[in-house]
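Open the model in a viewer and keep the sequence panel in sight. The stops below are given as selections, each followed by what is to be found there.

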Amino acid sequence: MKRLAVWAVGLVAGVILVACGSTSQQQLATTGSLLEQIKEKGVLKVGTEGAYAPYSYHDESGKLVGYDVEVAERVAEKLGVQADFIETEWDSMIAGLDAGRFDTIANQVGVTDERQEKYDFTTPYTYIYGALITLKDDTTVKDFSDIKGKKSANSLTSNWAEVAKSNGAEIVGVDGFQQAIELLISKRVDVTLNDNVVYLDYIKQHPEAPVKVAALSEDVQKTALPVAKGQDDLVQAINQALKELADEGVLTELSKKYFGDDVSQVKK
C-alpha cells in the first residue's frame with residue numbers, strides 16, 4: 001500500500017514537472033532571446049566584484065568605478081541600455097551567471113578552454129602578459145633566461161613562482177607584490193615576476209619607483225565578457241560594441257586612464 005502511495009505521489013510530481021517545464025519553454029519562446037529581453041527592459045545586468053582595484057572598486061565617494069566597470073558601461077550604451085551592476089564575491093560569481101542573476105560578468109574573467117566548454121566569450125578587452133621586473137639600472141637581466149641563479153621575490157603558491165623556478169631562479173617567498181617590490185628596491189632580491197597589469201597599476205601609483213619591466217612573456221592571457229551558451233545574438237552585439245569602442249579609441253583611453261598603458265590590444 002505504501003509503495004502504491006509513493007508511486008502515485010511520484011506520478012503527480014512528474015506531471016507537475018512536465019507541466020512546469022512546458023510552461024518555462026513557452027515563456028522562453030514568447031519572451032524572445034536574451035538580447036531582446038535586455039533591450040526591452042533597457043538594462044544589461046552585469047556581475048562584478050566591487051572590491052578588485054583597478055578593475056572594479058569603490059572610489060572615495062563610494063561610487064563603483066574601475067576599468068571593467070567603465071568598459072561594461074560603454075558596452076551597455078552601445079546596446080542602447082544601461083548597465084546594472086550586481087556586486088558579488090568572486091567565488092559565487094560564475095554561479096550567479098549560471099542562475100541568471102546577471103547577463104554577463106565584467107571582472108577580468110580569463111578565457112580558458114575549460115570555461116569555453118560551458119560559456120561563450122566575447123572578443124577580449126584585456127591582454128595580460130607576464131612581466132619580468134628588475135631595478136631600472138640593472139643591465140644583466142634582459143630576458144627570462146637571464147634569471148638563472150638570481151633571486152626572485154614571489155608568492156610561494158603563485159604561477160609566477162613556478163615560472164621563475166623553471167628558469168632557474170631561487171624563490172624568496174613574499175605575501176604580495178608590494179613586498180616583492182620592497183625587497184627588489186632594497187636589493188635583497190634581483191627580480192620579481194607578475195602580471196604586467198599589476199606592475200602598471202603599481203607604477204601608476206608610484207611613478208618614482210626605481211623599477212622597470214625588463215621583458216614580457218610571449219604567452220598572453222585574454223579576458224573577456226562571458227555569456228551563457230546559446231545567446232549568440234547577445235555575443236555578436238557585444239562584439240560589435242567592443243569593436244566600435246576599440247575603433248573609436250575608447251578602450252585605449254580607458255586603459256591609459258587606469259594603467260597608464262594600453263592593455264586592450266595585443267603587444268606587437
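## A tour from helix 3 outwards

This is a predicted model. Begin with the whole protein chain in cartoon: its secondary structure comes to 10 helices and 13 strands. Of its 268 residues, 41% count as buried. Among contacts in the chain with a separation of 6 or more, 66% are between residues 24 or more positions apart.

**Stop 1: helix 3 and helix 9**

Select residues 67-79, which are helix 3, and residues 232-247, which are helix 9. The two pack at an angle of about 110 degrees, and their axes are 9 Å apart. Angles of 65 to 115 degrees count as roughly perpendicular, and helix 3 and helix 9 are therefore roughly perpendicular to each other. Their crossing is right-handed.

Now show side chains at the contact. From helix 3, pick V71, R74, V75, K78 and L79; from helix 9, pick A237, I238, A241, L242, E244 and L245, which they meet. Coloured by class, this contact shows eight nonpolar and three charged residues, with no polar ones.

**Stop 2: helix 3 and helix 10**

Keep helix 3 and add residues 250-259, helix 10. Here the packing angle is about 160 degrees and the axes are 10 Å apart. That makes helix 3 roughly antiparallel to helix 10, an angle over 145 degrees being the criterion. This crossing, too, is right-handed.

The helix 3 side of the contact consists of Y67, E70, V71 and R74. They meet V250, L251, L254, S255, K257, Y258 and F259 in helix 10. By class, the residues of this contact divide into seven nonpolar, one polar and three charged.

**Stop 3: E70**

Zoom in on E70 in helix 3. Is E70 buried or exposed? Its relative accessible area is 13%, and the cut-off for buried is under 20%, so E70 counts as buried. Leaving aside neighbours within four places in sequence, the residues in contact with E70 are L254, K257 and Y258. L254, K257 and Y258 are also among the helix 10 residues that helix 3 meets.

**Stop 4: V71 and the nonpolar cores**

Move to V71, which takes part in the contact with helix 9 and in the contact with helix 10. With neighbours within four places in sequence set aside, V71 is in contact with Y125, L242, L245, L251 and L254.

V71 also belongs to the largest nonpolar core, which has 53 residues. To see the residues with the most contacts inside this core, select Y67, V71, V75, I133, V211, I238 and F259. Apart from it lies another core, of 10 residues; L132, W160, A164 and L193 are among them. In soluble globular proteins, nonpolar side chains tend to be buried together.

**Stop 5: D143**

Go next to the loop between strand 8 (126-135) and strand 9 (151-154), and select D143. D143 is partly exposed, at a relative accessible area of 38%. Not counting residues up to four places away in sequence, D143 touches L132 and A215. L132 is one of the residues of the 10-residue core. Draw a C-alpha to C-alpha distance from D143 to S217: it is 8.9 Å, for a sequence separation of 74 residues.

**Stop 6: S186 and K187**

Both residues of this stop lie in a loop between helix 7 and strand 11. S186 counts as partly exposed, at 41% relative accessibility. Its C-alpha atom is separated by 9.8 Å from that of L135, 51 residues apart along the chain.

K187 is exposed, with a relative accessible area of 61%. Check its backbone: K187 has a positive phi of about 65 degrees, although it is not a glycine.

**Stop 7: two more backbone features**

Select Q108, in the loop between strand 5 (104-105) and strand 6 (109-110). Q108 has a positive phi of about 55 degrees and is not a glycine. Q108 is buried, with a relative accessible area of 9%.

End at A53 and P54. What kind of peptide bond joins A53 and P54? The bond is cis, with omega about 0 degrees. P54 is found in the loop between strand 1 (43-48) and strand 2 (57-58).

Conventions. Residues are numbered from 1 along each chain as its sequence is written. This is a predicted model: local features need pLDDT of at least 70, side-chain atom pairs count only at pLDDT 80 or more; totals for chains, interfaces and linings use all residues. Side-chain values use heavy atoms; hydrogens and water are left out. Axes are lines fitted to C-alpha atoms, for helices over the stretch in contact, and angles run from 0 to 180 degrees between N-to-C directions. Helices (H or I, at least four residues) and strands (E, at least two) are DSSP runs, numbered from the N terminus. Angles under 35 degrees count as roughly parallel, over 145 as roughly antiparallel, 65 to 115 as roughly perpendicular and the rest as oblique. A crossing is left-handed if the near helix is turned anticlockwise from the far one by less than a right angle, and right-handed if clockwise. Contact means heavy atoms within 4.5 Å. Ala, Val, Leu, Ile, Met, Phe, Trp, Tyr, Cys and Pro count as nonpolar, Asp, Glu, Lys and Arg as charged, and the others, Gly among them, as polar. A nonpolar core is a set of buried Ala, Val, Leu, Ile, Met, Phe, Trp, Tyr and Cys residues joined through side-chain atoms within 4.5 Å. Buried means under 20% relative accessible area, exposed over 50%, partly exposed in between (1.4 Å probe, protein chains only).
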